[in-house]
Each structure stands twice: as structure tokens, then as C-alpha cells.
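Student: I have a structure open and do not know how to read it. Can we go through some features one at a time?

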Amino acid sequence: MAAAPSAFPSPTDAPLSLRHTMSTHSAELVRGSHQFSISGYSLHKRIGVGKIVRSGAFEVGGYSWTIRCYPAGHAKEEEGYLSLFLELLSAAVDKVTVKYSFEINGPMGTLFDKSRMWDDFTRNDKSWGFRKFVKVESLESQYLINDCLTIRCTVEVQKESMTGATRPYFITVPPSGICQDLAQLLDSKQGSDVTFQVGQNDYDAHKVVFAMRSPVFSAQFFGSLADKPGGSGHHVRIHDLKPSTFEAVLHFIYTDTLPPVEEDDDLLLSESTNYRGLREAAAGCSKESHREMICDWLAAADRYDLERMRLLCESALSETIDVENAAATLELVDRHHCPQLKAFCVDYIASPGVLTAVLATDGYRELKANSPSVVADVLEKLASTGTC
């Protein structure tokens, strides 16, 4: 009797199993900046060529760095020039690839900067920079503020990492699109049930969105203030606020971001009637005008209890602090409940040599007259650090 055929395929008949794997080599770019102020610059310069002034250590990309400044030049060949170098402080580093730049801001918004493409910092080459960054003559005539030199160093560190074999399949999930959806809802005005009147401008919006984002509007539309005149009606008049500032609030409530101020941005180039004020404010907007605009946004964020918007404004303003505006900024943030930026301003003013320059500004005189308790905070900081 013949043998019955096998119910299982022979090895040669089995389907070929292919296993796809993948590995990647990725490079991560980490960016950070450090502001270094040198008070009494002329005194440092008089000591002569080779005199070095170092910044405090700061960290970017997991490495420790410092700025080396030679006010009168690094060596005899660089006499008459300011020399600036970025130095790697971290030990036991074989190689780290870095792109960096230095910039100096003048009193009238003038800016001088230089940058390098990429340099390798190694055990033997721990310092790179500019031997002839700028002529001392130009520096003293254009970029010093009350004999104080402020340098901002921006560092980009390239960090490499290797991943192992990955799974042969994965599901791609797009990022959340709810902010884009809300922005489209605002532009379409679909379902809008309230009109805000600011100056001569009207803005159609949605009560539930405003209430969801702001405790102040929640109380006005659905809480204890709803039954009062002007509370939950279809028309709400906003007093003491510029249209451009309200548009920044409107933009944040629907997108969770601060609005851009670049004139060529898609938002400001759009035909949306929601941003007419911002378009006008952004036209020819200078660096100082941009800063004043953010100060107005911060005050509005505090008024409507928009904590994230206030913190975004704090972060943006922290990058603009200098001798001329430190005291005025301190008064602003104290008035609008910004403890993080307040502490930053107090530390900056109390840092060695800066206080003398700040005392000569109009902002300090206003701070002293309007907020004596904040001046006391600065004095306590000076006492605790032993700074004079």
C-alpha cells in the first residue's frame, strides 16, 4: 500500500521568511547662549595686552564652557583689537564639534557679530575664537554702555548617537493638530457667539474657548460675573488694551503660541481680519519696539490669568535684558507676578560691577520711586553675595 502524502510541506516547499531590520546614525544639535557683562571695561583695557577676563562657566550640550576675553588684545600682534575665545572646560573629552558666534549690542540697537562654521574642540585644542574680533576704537565709540561691555555667545553642539536594530514595522502618528484646528475655527468664525470690541475693531470668537483657556473669561461668561452687565452678552467691550495686544491674546488662546512679528510671516501676510493691529505693529518693527510689544503682551497675560502666555513672554524678555532696561524690566515683572524673571533681573543687577551702571539709568530712578520694596530685594541680594 502506497504511503499517504504528508500533510506538512517539505523544507524546500516552506515559504521564505524575510526579516527586515533597520539601524540609524543620528546627530543631535543642542543650542544655548550665555550673556557676559564686563563692567569697567576701560580699567581692564589699561592693564594692557594679554590681560584676560573670563566669564562664569556655563553648560551647553552636556559640556562646560567659558568665554575668554582680552580687552586690549590677546598678544602683541592683536594690540588695538578685542580678542574673544570660546574655551572647553570639560575634561576627558576626545572631540566635540561646535559652531559658535559672538555678538555685541550697542546702546542704540547697533549690533556687531561674528560666527564660525564648525570647529573641533579636542584635548589639545580646547580654545577657538577671534584674535581680532573688533577694533577697540570702534568698540569704545559704538558699543559700550556706561563703560560696560555686554557679550552674548551662542553655542551649537553636535552630539552623535547610534541606535541598534529596530522593529521591522512601526506606526507613524502625526503630531497633535488641535491648535491648527482651533486657529481655523477662529478664522472661519463658525459657531462664534461673542464679539469683542477693542478700539474700533471687532473680533468674533467663541465663549467656550475663551472660558476654557482663561479663568477670568470663565467667570465672566459662565461664573459669578455672568449675570452682571456686560458679563455673558454677545458683545464685550475691552478697555485699556491696544488692538494689537488683544490680537496677541486672541492668537495665544486659539494656538497656544505667541504671535510672530516678522513682516514676511504667513500669519501677517494672510488676509485674516483678526490680525490687522499686529500687521500694523509689525511694519518696520525695531528690536526695541518688539520688546515693548512683548511687555504689553505680558501685562495682558497677567490680566487674563494666561499663565503659559505670561511665561512665554518672560522667556522672550529674559533674552533682551541689558544694563539699560534691567531696572525697568524688574519693575514690570514685579507688578505682573513674574517670580522667575524677577529673580533673573535681581541676579543680573546684583552681579559684580553691573549695579553702578544700572543706577545711572532712568529705569532705576522710576523703580526707586515706584517700587522701593523691589530695590530692597536687590540690596538683600547684594548683602547675601557680598557684592559691592
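Tutor: We will take the cores, one helix, some backbone angles and the salt bridges in turn. Keep in mind that this is a predicted model.

Student: How many residues does the largest nonpolar core have, and which of them have the most contacts inside it?

Tutor: A nonpolar core is a set of buried nonpolar residues joined through side-chain atoms within 4.5 Å. Here the largest one has 62 residues, and those with the most contacts inside it are F196, F210, F246, Y254, W297, M309 and L330. Take M309: leaving out residues up to four places away in sequence, M309 touches A248, V249, F252, L258, W297 and A301. There is also a second, separate core of 33 residues, which includes L84, Y100, F121 and V134.

Student: Which residues make a nonpolar patch on the surface?

Tutor: L29, M117 and W118 make a nonpolar surface patch of about 330 Å². M117 sits in the loop between β7 (111–115) and β8 (119–122). With a relative accessibility of 58%, M117 counts as exposed, because the cut-off for exposed is over 50%.

Student: How far apart are the end C-alpha atoms of helix α9, and what span should its residues give?

Tutor: The check is to compare an expected span with the one in the model. Helix α9 (residues 287–303) has 17 residues, and at 1.5 Å a residue they should span 24 Å; the end C-alpha atoms are 25 Å apart, which agrees.

Student: Which residues of α9 are buried, and what covers them?

Tutor: The buried ones are R291, M293, I294, C295, W297, L298, A300 and A301. Their cover includes α6 (243–255), α8 (276–282), α10 (307–318) and α11 (326–335).

Student: Is H34 buried or exposed, and what is H34 in contact with?

Tutor: H34 lies in strand β1 (residues 25–39). Its relative accessibility is 19%, so H34 counts as buried. Apart from neighbours within four places in sequence, H34 contacts S55, G56, F58, I67, I151, R152 and C153.

Student: What should I look for in the backbone angle phi?

Tutor: Most residues other than glycine have a negative phi, so a positive value deserves a look. In this model N146 has a phi near 55 degrees. N146 is in the loop between α2 (136–142) and β10 (148–162), and at 44% relative accessibility it counts as partly exposed. D240 has a positive phi of about 60 degrees; D240 lies in the loop between β13 (235–238) and α6 and is exposed, with a relative accessible area of 77%. Just after α9, D305 has a positive phi of about 55 degrees.

Student: How many salt bridges does a search of the whole structure find?

Tutor: The search finds 19. In one of them E87 pairs with R54, with the closest N and O atoms 2.6 Å apart. This pair links distant parts of the chain, since E87 is in strand β5 (residues 81–88) and R54 in strand β2 (residues 53–54), 33 residues apart. E87 counts as buried at 15% relative accessibility, whereas R54 counts as partly exposed at 45%.

Student: Where in the chain are the partners E307 and R310?

Tutor: They are three residues apart in helix α10, which means about one helical turn separates them. Their side chains meet in a salt bridge of 4.0 Å, N to O. E307 is partly exposed, with a relative accessible area of 49%, while R310 counts as buried at 11% relative accessibility. Elsewhere, salt bridges that share partners join R54, R68 and E87 into one network.

Key: Residues are numbered from 1 along each chain as its sequence is written. This is a predicted model: local features need pLDDT of at least 70, side-chain atom pairs count only at pLDDT 80 or more; totals for chains, interfaces and linings use all residues. Side-chain values use heavy atoms; hydrogens and water are left out. Buried means under 20% relative accessible area, exposed over 50%, partly exposed in between (1.4 Å probe, protein chains only). Contact means heavy atoms within 4.5 Å. Patches are made of residues with over 30% relative accessible area and no salt bridge: like charges are joined within 9 Å, nonpolar side chains (Val, Leu, Ile, Met, Phe, Trp, Tyr) within 5 Å. Accessible areas come from the Shrake-Rupley method with a 1.4 Å probe; for residues, only the protein chains shown count as cover. Helices (H or I, at least four residues) and strands (E, at least two) are DSSP runs, numbered from the N terminus. The expected span of a helix is 1.5 Å times one less than its number of residues.
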